[in-house]
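Trainee: I would like a close look at one part of this model, the internal cavities, with some background on confidence beforehand.
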Amino acid sequence: MFEQSRNLKLFGLMASIVLSCAAHAAEKTEASVSFSKRELATAAWIRDHASKENQSYRILESLTTEVGSRMAGTPGDARAVAWAEAKFKELGFDKVWKEAVRFPSWQRGVESAEILAPFSQKLAVTALGNSISTPEAGIEAEIIRFATLNELIAAPVESVRGKIVFIDHKMKSANDYGQVRQGRASGAVEAARKGALAIIIRSVGTDSHRLPHTGGMHYAADVMQIPAAAMSNVDADLVARILMRGGPVKMALKLGSHAGEVMQSYNVIGEITGSELPNEYVLIGGHLDSWDLGTGAIDDGAGCAITMAAAEFLHRHGLRPRRSVRVILYANEEQGLFGGSAYASEHQAQLKQIQAAAEADSGQGPVLQLDSFVGAKARKLVMQMQSVLAPLGVKKGTSDADPGPDMGVLKSAGVPSFELVLKSDDYFDIHHTADDTFDKIEPARITQAAAAFAVFAYLAAQAPIYFGEQMPVVQKSH
Ligand SMILES: [Zn+2]
């Protein structure tokens, strides 16, 4: 009896310890969830050592030199996919694979524009992505100027019919992008509703170079399709000055761009497999496609290189964190988030296994701020992450992070998200132009960004809890 009762007592004691531990684990409060001293010291080591490397700069040099421009569906895109697979393997990633992405393709053709009267002037123009062609002989018509898309929407039909619409919306800073790009994206639909023959916009960019900025535009099923182009900022200034003199201004526009067949490209993925929770993921990455005019150095070769270098750093130093770190190089972001949408639907069943998502797609860095979109229990962990990043100049951010265009698809589905906010005050000087080339990259900037992403990826993958518990309601949709 004695033995038995002692055993029972012991069993009871052990059971209550087990139960109280389980209850304790389940009830970890906001205050008690934190990284260990050792994890924080490791993260600081990563920060200090990764910021002395130039791996991201070398990866970007390789992509822009060996591949160059890689518009979705072109031979350059196919070479970029092959480059990415080979580079992930060369860098020693544990798993490397690609996932098919399909989309309607688009090709650029001839493009020219000039003012015919009252003063003959050639203009630097480029077709907007997805634009149809003009008739082969081109379109000749009077220009009508609008300061903004909204001004066009408010205009009487009679004033627009039979003319070429000119939207002259000037981008003053990077903050204007969301608003000014509406004219590029939707201007053709609104102009066609009022009977315009074509649309030409002031480039969506902050520079004063004689280089037009391309970018995506769309049509609507119930509205006639008209050709759409952008002129350089300095040409828009010129046209505006000619218009100021009064009287009709006549323009000739010729575009040979056109839709192509449905094409296939790939999201290319490299994984550093987690040591304890290999089926939970921290997702970082960028988009592999670019526009065709430049070599896609800042948009978005930089984002690809920053995130590849960040994950590779952890791997090379044997810092395998608990969860897997996946670097996703998305296909065809530029023409409609095709890669981001494909990843979200392909991995629909595993969305709850995504610990964090953060894309780099706003330039070469440095990272200025850490924005998060996580459950209440994870907030202290985010504060600790920011503290480790602070010596790199990374400030506290908002709690409604925009994780980038492709990862935004995941955020809309409730996935915990982060934005390592990249300095972008000079980003729109060369964005989507022929000037988006490797020589614009400053090693110190891209290296800081890679170090910040390495710290972020390590701590997110190492964290003691799932970031998605008690998530706030999704505010924005992408
Ligand atoms: Zn981009």
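Trainee: What pLDDT does the chain average, and what percentage of the residues score at least 70? After that, please take me through the largest cavity and its lining.

Mentor: The model is predicted. Its chain averages a pLDDT of 93, and 92% of the residues score at least 70. Residues 1–27 have a pLDDT below 50, and this stretch has one contact in the model beyond near neighbours in sequence. Where pLDDT is low, predicted coordinates should not be read in detail.

Now the cavities. The count comes to three cavities of 30 Å³ or more. The largest cavity holds about 60 Å³ of space. Its lining consists of A50, E53, Q55, S56, A309, A310, F313, T447, A450 and A454. Three elements give two or more residues each to this lining: α3 (55–66), α9 (297–316) and α14 (443–462). By class, the lining has six nonpolar residues, three polar and one charged. The charged one is E53, while Q55, S56 and T447 are the polar ones.

For a second piece of local packing, take helix α10 (residues 338–346) and helix α12 (residues 405–412). Their axes come within 7 Å and cross at roughly 35°, and the crossing is right-handed. On the α10 side the contact is made by G339, G340, S341 and A344; on the α12 side, by D406, V409 and L410. The residues of this contact divide into three nonpolar, three polar and one charged.

Key
Residues are numbered from 1 along each chain as its sequence is written. This is a predicted model: local features need pLDDT of at least 70, side-chain atom pairs count only at pLDDT 80 or more; totals for chains, interfaces and linings use all residues. Side-chain values use heavy atoms; hydrogens and water are left out. pLDDT is the predictor's confidence in each residue, from 0 to 100. Contact means heavy atoms within 4.5 Å. On a 1 Å grid over the protein atoms alone, a cavity is a set of points where a 1.4 Å probe fits but cannot get out, and a pocket is an open set with protein on both sides within 12 Å along at least five of seven lines; lining residues have an atom within 4 Å of a point. Grid points are joined across faces, edges and corners, and a volume is the space filled by probe spheres set on the points. Helices (H or I, at least four residues) and strands (E, at least two) are DSSP runs, numbered from the N terminus. Axes are lines fitted to C-alpha atoms, for helices over the stretch in contact, and angles run from 0 to 180 degrees between N-to-C directions. A crossing is left-handed if the near helix is turned anticlockwise from the far one by less than a right angle, and right-handed if clockwise.
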